[in-house]
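Student: Got a minute? I'd like to go through this model with you, starting with the ligand.

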Amino acid sequence: MATIGFIGLGNMGNPMAANLVKAGHVVTGFDLAQASLDLAKENGLEIAVSLADAAVGKDVVITMLPAGQHVLSVYKDVLDEADRGTLFIDCSTIDVDSARTAHENAKLAGMYSIDAPVSGGVGGASAGTLTFMAGGSEEAFEKAKDILEPMAGRIVHCGEDGAGQSAKICNNMILGISMIGVGEAFALAEKLGLSHQALFDVASTSSGQCWSINTYCPVPGPVPTSPANNDFKPGFAVDLMLKDLKLSQEAAQSNGAITPLGAQATQLYSLFSAMGNGGMDFSGIIEFMRGKKEH
Ligand code: NAD
């Protein structure tokens, strides 16, 4: 069993760390928010007295933080405190450039590192069924696999440093774009007097099929578990989709990729969020196509 420092105990970090405790690891948590620390204590974590304390003498340090600037700032503070050869796993969703810088800084300090963003949301974090998309050396990945296992449904090694973040934002750019396409098709069907079920029965088994229609259909009825059946309660909120789309556009710009639909999707979700819908499930974007100003 390993000694693990877990930094960032929010909606995702707390249940992930709880699964590591259940698997028998000794987990020491740190967060800036007292409420997160209180919950972590209930989940069986030991509580670090400082950021440094979460890294001193640990086999592994895991971060689950909001953005690249938080990860780089935490790494700056803890890399000198940890023993050489400690494994650093960053599970946050951050920009690819910051992820690569975090790897470089970890290597300079003599550490192993992987970027390992996740999909599966808070439900997957609690159930221990997250998909991890990992980037880093084969050696670092081999060390990380057993640590990630109690939190994971699936673990994919995507390539070298930053490849996990690259896979995550490319996947979510597909999702953001495809959900808009599916929303437009159902909004058009409504104007044409075509029933939701009829469009679903055709498109979900023909060339229009995709996850956004087959598993997460944005109208009530055809897929009973989709958020459309529950007044678009998330699920995966508009603002989290917007964050990932913005990361995709930053990466496209800094690497010269042409992503016109990714750019359009970013603008549309940005507008939809500014209209007061940031906390709604992202499949609620269909309401925009219906011309609804407010949900
Ligand atoms: P959250 O805001 O609930 O948690 C982030 C935590 O980090 C907070 O508790 C905050 O206090 C803490 N924090 C910030 N700066 C810190 C610092 N310097 N030191 C210690 N703690 C610090 O966010 P979340 O929903 O848990 O998401 C975390 C990451 O996971 C994000 O990058 C997000 O994009 C990604 N993610 C979230 C979901 C989801 O459904 N919520 C799904 C997939 C990926």
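**Around the ligand**

Tutor: Sure. Keep in mind that this is a predicted model. To start, a backbone N or O atom of Pro66 lies 3.3 Å from an oxygen atom of the ligand.

Student: OK, and what does a backbone N or O atom of Asn11 do, how far is that from an oxygen atom of the ligand?

Tutor: For Asn11, the distance from a backbone N or O atom to a ligand oxygen is 2.9 Å. Lys243 uses its side chain: a polar atom there lies 2.8 Å from an oxygen atom of the ligand.

Student: How much of the ligand's accessible area does the protein cover?

Tutor: On its own the ligand has 830 Å² of accessible area, and the protein covers 83% of that.

Student: Where does the ligand sit?

Tutor: In the largest pocket. Two elements, α5 (121–127) and α10 (238–255), each give two or more residues to the shell around the ligand.

Student: And how many residues surround the ligand?

Tutor: 21, and the closest are Asn11, Met12, Asp31, Leu65 and Lys243.

Student: Switching topic: how many salt bridges does the structure hold?

Tutor: Five. One of them joins the side chains of Glu142 and Lys145, at 3.3 Å from N to O.

Student: Why are Glu142 and Lys145 separated by about one helical turn?

Tutor: Because they are three residues apart in helix α6 (residues 138–148).

Student: Last one: which residues make the nonpolar surface patch of about 310 Å²?

Tutor: Leu188, Leu192 and Leu194 make that patch. Leu188 belongs to helix α7, which covers residues 163–192.

Note on methods:
Residues are numbered from 1 along each chain as its sequence is written. This is a predicted model: local features need pLDDT of at least 70, side-chain atom pairs count only at pLDDT 80 or more; totals for chains, interfaces and linings use all residues. Side-chain values use heavy atoms; hydrogens and water are left out. Patches are made of residues with over 30% relative accessible area and no salt bridge: like charges are joined within 9 Å, nonpolar side chains (Val, Leu, Ile, Met, Phe, Trp, Tyr) within 5 Å. Accessible areas come from the Shrake-Rupley method with a 1.4 Å probe; for residues, only the protein chains shown count as cover. A salt bridge is a side-chain nitrogen of Lys or Arg within 4 Å of a carboxyl oxygen of Asp or Glu. Helices (H or I, at least four residues) and strands (E, at least two) are DSSP runs, numbered from the N terminus. A residue is near a molecule or strand if one of its heavy atoms lies within 4 Å of it. A polar contact is a pair of N or O atoms within 3.5 Å; within protein, one must be able to donate a hydrogen and the other to accept it, and residues adjacent in sequence count only if both atoms are side-chain atoms. On a 1 Å grid over the protein atoms alone, a cavity is a set of points where a 1.4 Å probe fits but cannot get out, and a pocket is an open set with protein on both sides within 12 Å along at least five of seven lines; lining residues have an atom within 4 Å of a point. A molecule sits in a cavity or pocket if more than half of its atoms lie within 2 Å of its grid points.
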